[in-house]
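Please read the following report with the sequence and the three-dimensional view side by side, moving from single residues to helix pairs and then to the whole chain.

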Amino acid sequence: MIPRPVHSSAPGKVILFGEHAVVYGEPAVAVPVTEVEARASVVPAQMGRGLTLVASDLGESFALNRAPEGEPLALAARLTLDFLGVSPPDATLTVRSTIPIASGLGSGAAVSTALVRALAHFFGQALEPAEVSTLVYEVEKIHHGTPSGIDNTVIAYERPVYFVHGVPSGPVPLSVGAPFSLLIGDTGLPSPTRRLVSSVRARREQDRTECDAILKRIGSIARRGRRAVEAGQVRRLGPLMTENHRLLVELGVSSSALDALVDAAREAGALGSKLSGAGQGGNMLALIPPSAGGRVERALRDAGAVRVIRTAVG
Ligand code: PMV
């Protein structure tokens, strides 16, 4: 190996259908969002320096061999080095990201994915998406507690997926029958995945029958959403998104800030809208007809969105 600088990246993601229910074995549909991304670079350092990890957005820098056990960047690096069967190189590994943190856009999984890819690349190896996804899943446990695995999957595969937790054959890559456009509106409030997943678990322990009925209905929407995406029936997606949001409200994971954006989008002409990710804060999605994009974007900003991303699927 001739050490030379390498760079890798990974996109963000949104969940179109099925968040929370996916933790309990129901399916979910997610798509990558390439308008935001995490980047990682590995640059050779002087012999004997070991591996230094730099989180440049956070202004943090530390040596791998001094990092505490549960530090996510260090865990991603250690898992990758073990997987490759190599010792830490003398190098500086820097990560940076344009994906807002704790907002349902997969920032943690994207940073880990970019890091895993860059480190493998430094050793002259290109890992398969399934290998990257498995490594990143271990790091996701730090962020999420009991992650379903959807974030690492859609980000490592970088394509729309239909995902069911624990299926040995892996995710089903979705073919998109007709392209469609989404606006992603950010409440600017943190969306603590681990806390919201715990709150759904607590709620389910209190009232399993009612909670499971909601989760099953969300699963059924994800199945119908998958068929509509594949068949190119874009107009069917809107009502399914709106119904998915209503069920997430029933589950107790929405908030007034999310509901305000979800309602404003539809009133301005979106075909459907829902929160995306763990909920409470973070981002929401609106499916937009080409003619109403500008109007919906303005309505989202007027209703409090701190940032709006437009992305195309397919
Ligand atoms: O990290 P987020 O906000 O995209 O949430 C992931 C989706 C959940 O279903 C809430 C959790 C999971 O592990 O699937």
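Leu-215 is a residue of helix 6 in what is a predicted model. Its relative accessible area is 2%, and because anything under 20% is counted as buried, Leu-215 belongs to the buried residues. When the neighbours within four places in sequence are left aside, Leu-215 is in contact with His-20, Ala-21, Tyr-24, Glu-26, Arg-204 and Leu-251. A separation of 100 residues along the sequence lies between Leu-215 and Leu-115, and their C-alpha atoms are 34 Å apart in space.

One of the contacts of Leu-215, namely His-20, deserves a look at its backbone. His-20 is placed in the loop between strand 1 (6-17) and strand 2 (28-44), and it has a positive phi of about 70 degrees although it is not a glycine. With a relative accessibility of 5%, His-20 counts as buried. Ala-102 also has a positive phi, near 50 degrees, and is likewise a residue other than glycine. Ala-102 is found in the loop between strand 5 (91-97) and helix 2 (107-122), and with a relative accessible area of 35% it is partly exposed.

Helix 6 holds another residue that can be set beside Leu-215, namely Arg-217. Is Arg-217 buried or partly exposed? Its relative accessible area is 37%, so Arg-217 counts as partly exposed. Not counting residues up to four places away in sequence, Arg-217 touches Arg-246, Leu-247 and Glu-250. The C-alpha atoms of Arg-217 and Gly-18 are separated by 9.5 Å, although the two residues are 199 residues apart along the chain.

We can now turn to the packing of the helices themselves. Two packed helices are described by the angle between their axes and by the distance between those axes. For helix 5 (residues 193-206) and helix 6, the angle is about 130 degrees and the axes are 6 Å apart. That angle makes helix 5 oblique to helix 6. On the side of helix 5, the contact is made by Val-200, Arg-203, Arg-204 and Gln-206, while helix 6 contributes Arg-208, Glu-210, Cys-211, Asp-212, Ile-214 and Leu-215. Sorted by class, this contact of helix 5 with helix 6 has 4 nonpolar, 1 polar and 5 charged residues.

Helix 6 (residues 208-231) also meets helix 7 (residues 234-251), where the axes come within 10 Å and cross at roughly 165 degrees. An angle over 145 degrees counts as roughly antiparallel, and therefore helix 6 is described as roughly antiparallel to helix 7. The crossing in which helix 6 passes helix 7 is left-handed. Among the residues that make this contact are Cys-211, Ile-214, Leu-215 and Arg-217 of helix 6, together with Leu-240, Arg-246, Leu-247, Glu-250 and Leu-251 of helix 7. By class, the contact of helix 6 with helix 7 has 12 nonpolar, 2 polar and 6 charged residues.

Away from these helices, Met-284 offers an example from a strand, since its place is in strand 10 (residues 283-288). Met-284 is buried, with a relative accessible area of 0%. Leaving aside its neighbours within four places in sequence, Met-284 is in contact with a list of residues including Leu-183, Ile-184, Leu-258, Leu-261, Val-262, Leu-275 and Leu-300. Between Met-284 and Phe-163, which are 121 residues apart along the chain, the C-alpha atoms are separated by 20 Å.

The table gathers the accessibility of some residues discussed above.

| Residue | Relative accessible area | Class |
|---|---|---|
| Met-284 | 0% | buried |
| Leu-215 | 2% | buried |
| Ala-102 | 35% | partly exposed |
| Arg-217 | 37% | partly exposed |

How many helices and strands are there in the protein? There are 9 helices and 11 strands. Buried residues make up 52% of the 314 residues. Along its principal axes, the C-alpha trace spans about 60 × 45 × 35 Å. A compact globule with 314 residues would have a radius of gyration near 20 Å, and the protein agrees with this, because its own radius of gyration is 20 Å. Among contacts between residues at least 6 apart in sequence, 73% join residues at least 24 apart.

Definitions and conventions: Residues are numbered from 1 along each chain as its sequence is written. This is a predicted model: local features need pLDDT of at least 70, side-chain atom pairs count only at pLDDT 80 or more; totals for chains, interfaces and linings use all residues. Side-chain values use heavy atoms; hydrogens and water are left out. Axes are lines fitted to C-alpha atoms, for helices over the stretch in contact, and angles run from 0 to 180 degrees between N-to-C directions. Helices (H or I, at least four residues) and strands (E, at least two) are DSSP runs, numbered from the N terminus. Angles under 35 degrees count as roughly parallel, over 145 as roughly antiparallel, 65 to 115 as roughly perpendicular and the rest as oblique. A crossing is left-handed if the near helix is turned anticlockwise from the far one by less than a right angle, and right-handed if clockwise. Contact means heavy atoms within 4.5 Å. Ala, Val, Leu, Ile, Met, Phe, Trp, Tyr, Cys and Pro count as nonpolar, Asp, Glu, Lys and Arg as charged, and the others, Gly among them, as polar. The radius of gyration is taken over C-alpha atoms; the globule rule is 2.2 Å times the number of residues to the power 0.38. Buried means under 20% relative accessible area, exposed over 50%, partly exposed in between (1.4 Å probe, protein chains only).
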